[in-house]
Amino acid sequence: MNLAGTIYGTVIATALVAGLTEDDSLGEWEVIAWLLATMVTFWVAHAYANLLAGMSSGGRFPSLRDARAALGHEWAIVSAAGPAVVMLALGGLHVISGRTAEALAVGVGLLALGGWGWVLAARGNVGVARRLVAALLSVALGVAVIVLKLAVK
């Protein structure tokens with residue numbers, strides 16, 4: 001599992017949802033479309049960067065197998081948007097209100113970031129206080145990216 005890609009993808013997806021949902025002209029389905037298009041772009045860009053980096057250090061041109069492996073490894077970036085897409089789709093299907101769906105999509109992203117901070121700190125065999133700090137720092141990073149995204153709109 002590509003944990004870095006999952007965490008990176010979660011940060012991007014959460015910030016995108018926060019920014020895109022500020023545009024009242026976009027419905028949930030349009031937000032999903034823009035979110036997925038952006039995530040796929042980041043996915044391909046990361047795989048491409050890995051291929052180029054491998055080419056410079058490995059001294060050979062990457063094969064189709066190398067490209068598939070890079071794309072497979074970086075798929076975590078796209079899949080990290082899954083929970084946000086589900087929340088937004090519930091809004092698009094009118095199971096919940098659009099505003100609730102948008103808030104849940106952002107909230108699930110922040111919760112996931114906090115969860116990853118906690119779990120990875122726990123793997124480092126640290127105490128509860130440090131796990132909590134890691135979780136809170138992860139959420140703070142997500143909030144900071146969202147604030148920056150909203151400031152730049």
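This is a short exchange on how the features of this predicted model get their labels.

Reader: What makes up the fold of the protein chain, in helices and strands?

Author: The protein chain has six helices and zero strands. Along the sequence the pattern reads α-α-α-α-α-α. The C-alpha trace spans about 55 × 40 × 30 Å along its principal axes. Of the 153 residues, 37% are buried.

Reader: How do you know that α5 has the span expected of a helix?

Author: Count its residues and compare. α5 has 26 residues, which should span 38 Å at 1.5 Å a residue. The end C-alpha atoms are 37 Å apart, so the two values agree. α1 gives a similar check: 18 residues, 25 Å from first C-alpha to last, close to the 26 Å expected.

Reader: Why is α1 called mostly covered?

Author: Buried means under 20% relative accessible area. In α1, 14 of its 18 residues are buried. α1 also gives the largest share of the largest nonpolar core, eight residues.

Reader: What makes that set of residues a nonpolar core?

Author: Its members are buried, of nonpolar type such as Val, Leu or Met, and joined through side-chain atoms within 4.5 Å. The largest such core has 27 residues. V17, L35, M39 and L88 have the most contacts inside it. Five helices each supply at least two residues: α1, α2, α3, α4 and α5.

Reader: Why is R99 with D24 called a salt bridge?

Author: The rule asks for a side-chain nitrogen of Lys or Arg within 4 Å of a carboxyl oxygen of Asp or Glu. In R99 and D24 the closest N and O atoms are 2.6 Å apart. That lies within the cut-off, so the pair counts. R99 is in helix α5 and D24 is in the loop between α1 and α2, so the pair ties together parts 75 residues apart in sequence.

Reader: What makes E102 part of one network with D24 and R99?

Author: E102 forms a salt bridge with R99, and the closest N and O atoms are 2.7 Å apart. E102 and R99 both lie in helix α5, three residues apart, about one turn of the helix. The bridges share partners, and D24, R99 and E102 are joined into one network. The count by this rule comes to two salt bridges.

Reader: Are the acidic partners in that network buried or exposed, and how do you know?

Author: They fall on opposite sides of the scale. D24 has 61% relative accessibility, and exposed means over 50%, so D24 counts as exposed. E102 has 10%, and buried means under 20%, so E102 is buried. Other buried residues of α5 include A105, L110, L113 and W116.

Reader: Why is the pair of Y8 and F42 called edge-to-face?

Author: Rings pair if their centres lie within 6.5 Å, and planes over 60 degrees apart count as edge-to-face. The ring centres of Y8 and F42 are 6.2 Å apart and the planes stand at 65°, so the pair passes on distance and on angle. Y8 lies in helix α1 and F42 in helix α2, so the pair ties together parts 34 residues apart in sequence. Y8 is partly exposed at 33%. F42 is partly exposed at 29%.

Reader: How do you know that W43 and W75 also form an edge-to-face pair?

Author: Apply the rule again. W43 and W75 are 4.8 Å centre to centre, with 80° between the planes. The distance is within 6.5 Å and the angle is over 60, so the label holds. W43 in helix α2 and W75 in helix α3 are 32 residues apart. W43 is buried at 17%. W75 is partly exposed at 40%. The count comes to two aromatic pairs.

Reader: What makes L132 a member of the nonpolar surface patch?

Author: Patch residues need over 30% relative accessible area and no salt bridge, with nonpolar side chains joined within 5 Å. L132, in helix α6, has 45% relative accessibility and counts as partly exposed. That value clears the 30% cut-off. W118, V119, L120, V128 and L136 join L132 in a patch of about 510 Å². α5 and α6 are the elements that give two or more residues to the patch.

Note on methods:
Residues are numbered from 1 along each chain as its sequence is written. This is a predicted model: local features need pLDDT of at least 70, side-chain atom pairs count only at pLDDT 80 or more; totals for chains, interfaces and linings use all residues. Side-chain values use heavy atoms; hydrogens and water are left out. Patches are made of residues with over 30% relative accessible area and no salt bridge: like charges are joined within 9 Å, nonpolar side chains (Val, Leu, Ile, Met, Phe, Trp, Tyr) within 5 Å. Accessible areas come from the Shrake-Rupley method with a 1.4 Å probe; for residues, only the protein chains shown count as cover. Helices (H or I, at least four residues) and strands (E, at least two) are DSSP runs, numbered from the N terminus. Buried means under 20% relative accessible area, exposed over 50%, partly exposed in between (1.4 Å probe, protein chains only). Rings of Phe, Tyr and Trp (its six-membered ring) pair if their centres lie within 6.5 Å; planes under 30 degrees apart count as stacked, over 60 as edge-to-face and the rest as tilted. The expected span of a helix is 1.5 Å times one less than its number of residues.
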